[in-house]
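Work through the exercises below with the sequence and the structure at hand. Try each task before reading its solution.

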Amino acid sequence: MKSSNAEHLTIEHGLCSKVKDGLHQGKNVQLGEWTAAENATLKTFKLLTAKPVVYLVSMNERDYKEKDNKFLPKIHTWVKEHGRGTIIPFSCVLESELAGMNAFEAGKYCREKQLQSALPVIIKIGFSAINHMYFSTAGSDVVKCQQIIYLAASLILCATLTAASLILYATLCITYTLC
């Protein structure tokens, strides 16, 4: 038997009050403890603090190569305390340099410097975070990247991210110098 609209609105109002209290305490919605029914209702609210987060941490080329930076443990601790999410270290400078090279030059540069581009990881994790997957199709005159939304019921986006926008973000981002 279906519940009436008034009952549903009462449940939603109670959930909104719970969310509001958490937000006033400075907590992200994704950190709250919700029942399965509350989670289903929360997804219809399209709240930014309930969306998955991927943190891109830009480092200089040397730190990226060594996979070591004095700020990574602090960043990791902050992310654990303030929300869930994936942390991806990368070098914006390296990605920018690689973007200006053809595939052969980029491969040679990476082999010489013993580095690897983080863009494949950024793209894969970015698509996974928003419950997308992608594949390429090729015709006689065009190659296209096709996107598929899986688990569509749980997917709520402000905008659809594409591989091109992730590459653009990674190559054009502003590098913050950590002191």
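## Exercise 1: The overall layout

Read along the sequence, the protein chain runs α-α-β-α-α-β-α-α-α-β-β-α. The model is predicted.

**Task.** State how many helices and strands the protein chain has, and what share of its residues is buried.

**Solution.**
1. Start with the secondary structure. It comes to eight helices and four strands.
2. Turn to burial. The protein chain has 179 residues, and 27% of them count as buried.
3. Add the surface. The protein chain exposes about 12,400 Å². Carbon and sulfur atoms supply 59% of that area.
4. Look at the contacts with a separation of 6 or more. Residues 24 or more positions apart account for 58% of them.

## Exercise 2: The two sides of helix H1

**Task.** Find which residues of H1 are buried, and which are exposed on the other side.

**Solution.**
1. Locate the helix. H1 covers residues 5-24, which makes 20 residues.
2. Check its span. From first C-alpha to last, H1 reaches 28 Å, close to the 28 Å expected at 1.5 Å a residue.
3. List the buried residues of H1. They are Leu-15, Val-19 and Gly-22.
4. Place them around the axis. They cover an arc of only 55 degrees, so they sit on the same side of H1.
5. Go to the other side of H1. Ala-6, Thr-10, His-13, Lys-20 and His-24 are exposed there.
6. Step past the end. Just after H1 comes Gly-26, with a positive phi of about 85 degrees.

## Exercise 3: How H1 meets H2

**Task.** Describe the packing of H1 and H2 by angle and distance, then name the residues in contact.

**Solution.**
1. Recall what is needed. Two packed helices are described by the angle between their axes and the distance between the axes.
2. Identify the partner. The buried residues of H1 pack against helix H2 (36-45).
3. Give the two values. H1 and H2 pack at an angle of about 75 degrees, and their axes are 11 Å apart.
4. Classify the angle. H1 is therefore roughly perpendicular to H2, since 65 to 115 degrees counts as roughly perpendicular.
5. Name the contact residues. H1 contributes Glu-12, Leu-15, Cys-16, Lys-18 and Val-19. H2 contributes Glu-38, Thr-41, Leu-42 and Phe-45.

## Exercise 4: Tyr-64 and Ser-91

**Task.** Decide whether Tyr-64 is buried or exposed. Do the same for Ser-91, then list what each contacts beyond four places in sequence.

**Solution.**
1. Place Tyr-64. It is found in helix H3.
2. Judge its burial. Tyr-64 has a relative accessible area of 5%, so it is buried.
3. List its contacts, leaving aside neighbours within four places in sequence. Tyr-64 touches Met-59, Pro-89, Phe-90, Ser-91, Leu-94, Leu-115, Gln-116, Ser-117 and Ala-118.
4. Compare sequence with space. Tyr-64 and Gln-116 are 52 residues apart in sequence and 9.4 Å apart in space, C-alpha to C-alpha.
5. Place Ser-91. It lies in the loop between strand S2 (86-90) and helix H5 (92-99).
6. Judge its burial. Ser-91 has a relative accessible area of 0%, so it is buried.
7. List its contacts in the same way. Ser-91 touches Ser-58, Met-59, Asn-60, Glu-61 and Tyr-64.

## Exercise 5: Positive phi in loops

**Task.** For Lys-67 and Gln-114, give the phi, then find the loop and the exposure of each.

**Solution.**
1. Set the background. Most residues other than glycine have a negative phi.
2. Take Lys-67. Its phi is positive, near 55 degrees, and it is not a glycine.
3. Locate Lys-67. It lies in the loop between helix H3 (61-66) and helix H4 (72-82).
4. Check the exposure. Lys-67 counts as exposed because its relative accessibility is 59%.
5. Take Gln-114. It too is not a glycine, and its phi is positive, about 55 degrees.
6. Locate Gln-114. It sits in the loop between helix H6 (103-113) and helix H7 (119-129).
7. Check the exposure. Gln-114 has a relative accessible area of 62%, so it is exposed.

## Exercise 6: The buried side of H7

**Task.** Find which residues of H7 are buried.

**Solution.**
1. List them. Leu-119, Ile-122, Ile-123, Gly-126 and Phe-127 are buried in H7.
2. Place them. They cover an arc of only 120 degrees around the axis, so they share the same side of H7.
3. Turn to the face away from that side. It carries the exposed residues Pro-120 and Lys-124.

Methods: Residues numbered from 1 in each chain as written. Predicted model: local features only at pLDDT ≥ 70, side-chain atom pairs only at ≥ 80, totals over all residues. Heavy atoms only, no water. Helix = DSSP H or I, 4+ residues; strand = E, 2+ residues; numbered from the N terminus. Buried < 20%, exposed > 50% of the residue type's maximum accessible area, 1.4 Å probe, protein only. Contact = heavy atoms within 4.5 Å. Areas by Shrake-Rupley, 256 points an atom, 1.4 Å probe, with all protein chains shown as cover. Expected span 1.5 Å × (residues − 1). Arc of directions from axis to C-beta. Axes fitted to C-alpha atoms, helices over the stretch in contact; angles between N-to-C directions. Parallel < 35°, antiparallel > 145°, perpendicular 65-115°, else oblique.
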